[in-house]
Amino acid sequence: LQQTRLKNTFSCQIIVPPELLDCLIHKLIFQPFVENSIRHGFEGMESGGIIRITGQADADRLKIVIADNGCGMQPERAAIINEILKNKGLIDFENRRKVGIGIRNVVTRMRMYYGKDLEVVMKTGPGGGTEFTFYIPIPAQEIWMDDSADL
């Protein structure tokens with residue numbers, strides 16, 4: 001929908017090994033990160049935007065990377081988002097007002113479901129795009145929550 005709305009100013013690549021395609025996770029868990037790439041990362045671009053989503057098994061974790069080649073983030077905003085990621089969604093009230101609720105909400109929900117072993121790392125810089133890497137623990141029973149679960 002966003003590609004049509006923005007007249008194909010960006011493309012999206014999804015690279016996930018076939019053996020991981022059956023892994024079920026909470027629905028819409030990555031949507032705010034992809035939407036932020038489109039709304040903020042590609043701001044002012046007329047063409048050439050790329051969002052790349054990759055997945056791979058990483059020992060006992062699922063590693064998902066969402067990366068864009070957009071404008072990147074200013075250091076102050078990046079520092080606040082890194083604080084959110086480091087504290088798995090917990091952040092003081094003053095900084096809470098400086099960023100939207102999408103990323104904070106998703107990271108908080110991920111922390112509630114995946115626990116202390118969840119790790120989310122961001123790399124960004126002005127003019128350098130943004131990359132979020134998610135390390136999601138694979139339950140020992142290899143049972144994944146299905147799409148119908150409410151968050």
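Two strands are counted as paired if DSSP finds at least two bridges between them. Helices (H or I, at least four residues) and strands (E, at least two) are DSSP runs, numbered from the N terminus. The model described here is predicted: local features need pLDDT of at least 70, side-chain atom pairs count only at pLDDT 80 or more, and totals for chains, interfaces and linings use all residues. Residues are numbered from 1 along each chain as its sequence is written, and side-chain values use heavy atoms, with hydrogens and water left out.

## The sheet

Strands of a sheet pair through backbone hydrogen bonds, either parallel or antiparallel. In this model, 5 strands form an open sheet in the order β1-β2-β3-β5-β4, with mixed pairing. Its edge strands are β1 and β4 (119–124), each of which pairs on one side only. From one strand to the next, the twist averages 10 degrees; angles run from 0 to 180 degrees between N-to-C directions, and axes are lines fitted to C-alpha atoms, for helices over the stretch in contact.

Three of the strand pairs are listed below.

| Strand pair | Direction | Bridges | Facing residues |
|---|---|---|---|
| β1 (residues 10–15) and β2 (residues 49–58) | parallel | 6 | Ser11 and Ile50 |
| β2 and β3 (residues 61–68) | antiparallel | 8 | Ala57 and Leu62 |
| β4 and β5 | antiparallel | 6 | Thr124 and Thr130 |

In the pairing of β1 with β2, Ile14 also stands opposite Ile53 in β2. Strands β2 and β3 form a hairpin with 2 residues between them, and Ala59 in its turn has a positive phi of about 60 degrees. A hairpin is likewise formed by β4 and β5, with 5 residues between them; here Gly127 in the turn has a positive phi of about 80 degrees.

## Helices on the sheet

Helix α2 (residues 31–41) joins β1 and β2 in a left-handed β-α-β unit. For such a crossover, right-handed denotes a path from the first strand over the helix to the second that runs clockwise with the strands pointing away from the viewer. Helix α2 lies across β1, β2, β3 and β5 (130–137), running at about 155 degrees to β2. Helix α3 also packs on the sheet, touching β4 and β5, and its direction makes about 170 degrees with that of β4.

## Helix-helix packing

Two packed helices are described by the angle between their axes and the distance between the axes. Helices α2 and α5 pack at an angle of about 160 degrees, with their axes 9 Å apart. Helix α2 is therefore roughly antiparallel to α5, a term for angles over 145 degrees, whereas those under 35 count as roughly parallel, 65 to 115 as roughly perpendicular and the rest as oblique. Their crossing is left-handed, meaning that the near helix is turned anticlockwise from the far one by less than a right angle; clockwise gives right-handed. Pro32, Phe33 and Asn36 of α2 make the contact with Gly102, Ile103, Val106 and Val107 of α5, where contact means heavy atoms within 4.5 Å. By class, this contact has 5 nonpolar, 2 polar and no charged residues. Ala, Val, Leu, Ile, Met, Phe, Trp, Tyr, Cys and Pro count as nonpolar, Asp, Glu, Lys and Arg as charged, and the others, Gly among them, as polar.

Helix α3 (residues 75–86) and helix α5 (residues 102–114) pack at about 15 degrees, with their axes 9 Å apart. Helix α3 is therefore roughly parallel to α5, and α3 passes α5 in a right-handed crossing. Ile81, Ile84 and Leu85 of α3 meet Ile103, Arg104 and Val107 of α5 in this contact, whose residues divide into 5 nonpolar, no polar and 1 charged.
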